[in-house]
Amino acid sequence: MFQGFVNPALLAGMALVSVPVLIHLLNRQRHKPVRWAAMQFVLAAHKKTRRRVQLENLLLLLLRMAAVALLALAISRPFVGGSSPLATLTETRRDVVLILDGSASTGWTDQTESLFERIRGRALGIVDELDGAAGDRVHVIHAGATPRLVSWPTPDKARTVIGTLAPTDERLDLAAALGEALRIIEEDAAGTGSSEIELRFLSDLQQDAFLDPAQAILRPALGEQLTRLKDLQVDVLVEDLGPASPNPANLAIQDVVIASDNATVGEPLDLVVRVAAFGDAEHPALRVGLTLDGNRLPSQRIDVPKGGTAEALFRVVIDQPGAHTIEAEIEGDRLAIDDHRSSVIVLPPPVRVLVVNGERADALEDDAAGYLVLSLEAPDENGTSTPFQITEVSPAELAGGDVDLFDHDVVWLVAAPSLSEAVVADLERAVGGGQALIVTCGNSMGDPSLFDDRLYRSDGTGLLPAELTHVVTAARRDSYYRVATFDEQHPILGFFSTTRNKGMLSKIPVHAFVHARPLERARVLATLDDENDSPLLIESDYDQGRVYLWTTSIGESWTPLPRIAPAMIPLVLEWTRHAARARASQRDLAPGSAVGLEADEFPRSPELVGPAGGRTPLDAEPTETVRGTFRLPEITGDATLRAGLYRVVTENGPELPFAIQLDARESDLGRIPSHEMESLHPALKVLAPDASGNVADGNDGSQGELWRTLAMLALLALVCESLWGAWIGQRRRVIA
């Protein structure tokens with residue numbers, strides 16, 4: 001009769017049908033026959049009405065049993081197929097969750113409409129099929145990098161909201177969107193282990209949304225969400241609303257960068273615009289335009305091969321340090337958002353370096369910081385001095401209070417002895433405010449544990465990223481340690497990552513070092529080959545600044561590294577540059593990023609100017625930092641959702657620009673075939689259009705629930721039982 005039950009466990013309630021029977025039998029047992037003289041007249045009358053009374057009692061018992069049985073069936077929610085004779089008594093209320101792919105790729109235009117307009121139209125078609133009066137509900141999720149639940153639960157509200165939606169400038173995070181849908185579905189399941197919610201995903205099926213490009217497998221986070229949905233007996237019904245081509249043609253600006261990592265004010269530098277072509281078309285003589293600080297440069301023409309990349313090179317000279325805006329553009333195509341890309345480059349002023357020399361000497365080989373200063377002053381390969389302003393002081397001068405730590409970007413403590421509490425407190429304020437501190441060891445340091453007492457704290461609140469214990473010296477005079485491992489991806493050590501340069505670092509002898517136990521939050525960038533794999537270089541964040549510990553000397557006392565210029569100079573230069581850059585704010589960000597900027601002077605009436613020219617006041621009060629700069633109110637992610645060039649303008653200072661950039665992966669419109677997508681996970685089901693171009697509903701009405709009909713019948717049985725019982729009682733009292 002029934003095809004199945006939504007809550008089959010609740011059928012156990014049918015056992016309660018026996019309760020009225022048990023009550024009837026127990027009541028019969030309580031009556032004991034007693035013979036008395038007048039009873040024979042009563043029995044004579046009873047024989048005449050016995051059959052009618054038995055029929056009345058039986059009907060009353062059946063009504064009570066029917067009410068219990070029907071109620072138990074109603075709460076177990078039976079359903080039947082469309083061919084069942086009970087099909088006309090069913091109801092098919094729909095509860096739908098609609099996920100609309102709002103990623104940047106859906107802005108691709110196919111003839112007269114964009115893919116998102118197609119997605120939006122299909123979503124409105126689904127909502128139009130729902131009947132709010134019948135109890136149908138719909139939840140609409142606008143999916144990008146962050147899922148946004150934009151409408152619930154009535155179809156009328158959803159219809160209004162869907163019409164206002166537009167594609168985002170974000171990359172689709174499908175796992176996050178399904179996570180939001182899963183939250184709704186789990187609430188509906190309410191611990192029953194299953195849900196009847198219909199989950200629909202309308203998308204252009206961009207391959208990157210489903211597959212990990214490195215391994216060409218389903219993204220693990222996405223697979224986890226799909227499995228949880230399948231456990232609740234919910235499938236993801238996917239509709240392909242993308243282009244007809246499996247790999248649509250598209251041109252995109254992928255990146256705008258400075259060719260050199262060491263760009264210098266007043267020196268020629270190359271700006272590189274990298275253009276990629278997706279699909280099977282070639283693009284000869286493509287015009288690439290570039291605007292620097294509002295000044296348009298002569299355009300370049302490049303040939304972009306199909307499925308490849310090409311670079312346009314613009315040589316410029318920038319005379320002023322600070323932030324500079326770049327806007328690159330190419331000829332427009334069907335996906336307009338990636339034909340323009342903004343970027344902000346920062347040319348810093350010379351890095352202000354304070355060298356605290358723990359042991360000065362006339363002879364270079366005896367000076368603890370002599371080779372360090374020499375390396376920082378060494379000209380680069382073009383004969384241009386490196387951009388450092390160097391101040392060298394002794395520990396006594398530092399303790400004397402004549403040195404303002406906040407006037408420097410990087411502080412090198414070179415084999416410095418134990419510092420006073422006042423100096424340590426100044427260092428903590430300076431580094432906490434964004435400065436970089438580099439600590440190196442050596443003979444003049446003395447007992448490492450005394451130095452450790454002031455700068456290290458086991459709870460991580462001290463400056464040192466590791467606890468210093470004792471000096472480790474090679475067992476024999478002619479023996480030494482070497483670098484065993486180092487982080488080849490780190491900017492400080494990246495120079496040594498090539499096969500040619502690796503030996504410059506790994507073969508350097510180290511005759512002595514300080515044994516250090518790093519904090520859990522610290523990062524060990526290089527280790528030695530002793531039996532304990534002792535750290536050589538450790539890095540750690542300290543509030544807004546950064547601290548580095550080099551456990552051997554930067555002079556000749558413990559290692560000959562300083563005399564090996566091909567290793568010493570790139571190590572020192574890259575180390576100092578990276579340390580100085582660590583506090584620079586990031587100016588190229590993803591959509592929806594929060595932005596923190598600093599001004600040198602107190603900013604009066606700051607306003608955020610967006611890519612379209614709209615202005616938004618930054619109402620919160622700027623706060624002064626320990627360095628004497630002013631931190632502007634944080635710009636929240638809601639204000640940076642669109643790609644393009646943004647500026648913070650004030651009444652009394654220069655503009656502070658930053659750029660919001662499209663994720664380069666959104667430009668690859670390669671699509672995953674429907675059959676391949678379904679093979680990724682059993683919860684993925686593709687709804688294909690029929691011969692007339694219509695898409696299957698996904699809820700064909702072949703099954704319908706009977707709970708409402710059964711509940712009405714249970715109520716009717718209770719009413720009839722009450723009326724019948726009252727009528728019998730009234731009738732028998734009249735006869736009596």
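Two strands count as paired here if DSSP finds at least two bridges between them. Keep that in mind as you move through this predicted model, beginning with a strand that has partners to look up.

**Stop 1: strand β11**

Select residues 236-240, which make up strand β11. Four of the five residues in β11 are buried, so the strand is mostly covered. Now add residues 684-686: this is strand β37, joined to β11 by three bridges and running parallel. To see one bridge, pick V238 and look for V686, its partner in β37. Next, bring in residues 198-203, strand β8, which pairs with β11 in the parallel sense over five bridges. Here the residue to click is L199, whose bridge partner in β11 is V236.

**Stop 2: Q225 on helix α6**

Go to residues 220-231, helix α6, and show the side chain of Q225. Is Q225 buried or exposed? Its relative accessibility is 14%, and because the cut-off for buried is under 20%, Q225 counts as buried. Leaving aside residues up to four places away in sequence, Q225 touches A175, L178, G179 and L182. Display A175 as sticks too: its backbone oxygen lies 3.4 Å from a polar atom of the Q225 side chain.

**Stop 3: a three-stranded sheet**

Colour β12, β13 and β16, which form an open sheet in that order with antiparallel pairing. At the edges you will find β12 (250-258) and β16 (309-317), each pairing on one side only. Neighbouring strands in this sheet are turned by 20° against each other on average, direction ignored. Zoom in on β12 and β13 (residues 268-278), where eight bridges join the antiparallel pair. A handy place to click is N250, whose bridge partner in β13 is F278.

While a sheet is on screen, it helps to recall that in a regular strand the side chains alternate between the two faces of the sheet.

**Stop 4: an eight-stranded sheet and its helices**

Now select the eight strands of another open sheet, with mixed pairing and the order β20-β19-β21-β22-β28-β27-β26-β24. Which strands stand at the edges? They are β20 (388-393) and β24 (483-486); each has a single partner strand, so one side of each is left without a neighbour in the sheet. On average, neighbouring strands here are turned by 15° against each other, direction ignored.

Add residues 370-377 to bring up helix α7, which packs on the sheet and touches β19 (351-357), β20 and β21 (410-414). The direction of α7 makes about 160° with that of β20. Then show helix α12, residues 565-581. This helix lies across β19, β20, β21, β22 (436-441), β27 and β28 (545-553), and runs at about 160° to β28.

Before leaving the sheet, look at β26 (residues 523-528) and β27 (residues 535-542), an antiparallel pair joined by four bridges. Select A526 and then L537, its bridge partner in β27.

**Stop 5: two cysteines**

Finish with C441 and C720. C441 counts as buried, at 1% relative accessibility. C720, with a relative accessible area of 31%, is partly exposed. How many disulfides are there to look for? With a cut-off of 2.5 Å between cysteine sulfur atoms, the count comes to zero.

Technical notes. Residues numbered from 1 in each chain as written. Predicted model: local features only at pLDDT ≥ 70, side-chain atom pairs only at ≥ 80, totals over all residues. Heavy atoms only, no water. Helix = DSSP H or I, 4+ residues; strand = E, 2+ residues; numbered from the N terminus. Buried < 20%, exposed > 50% of the residue type's maximum accessible area, 1.4 Å probe, protein only. Polar contact = N/O pair within 3.5 Å; in protein donor to acceptor, adjacent residues only side chain to side chain. Contact = heavy atoms within 4.5 Å. Axes fitted to C-alpha atoms, helices over the stretch in contact; angles between N-to-C directions.
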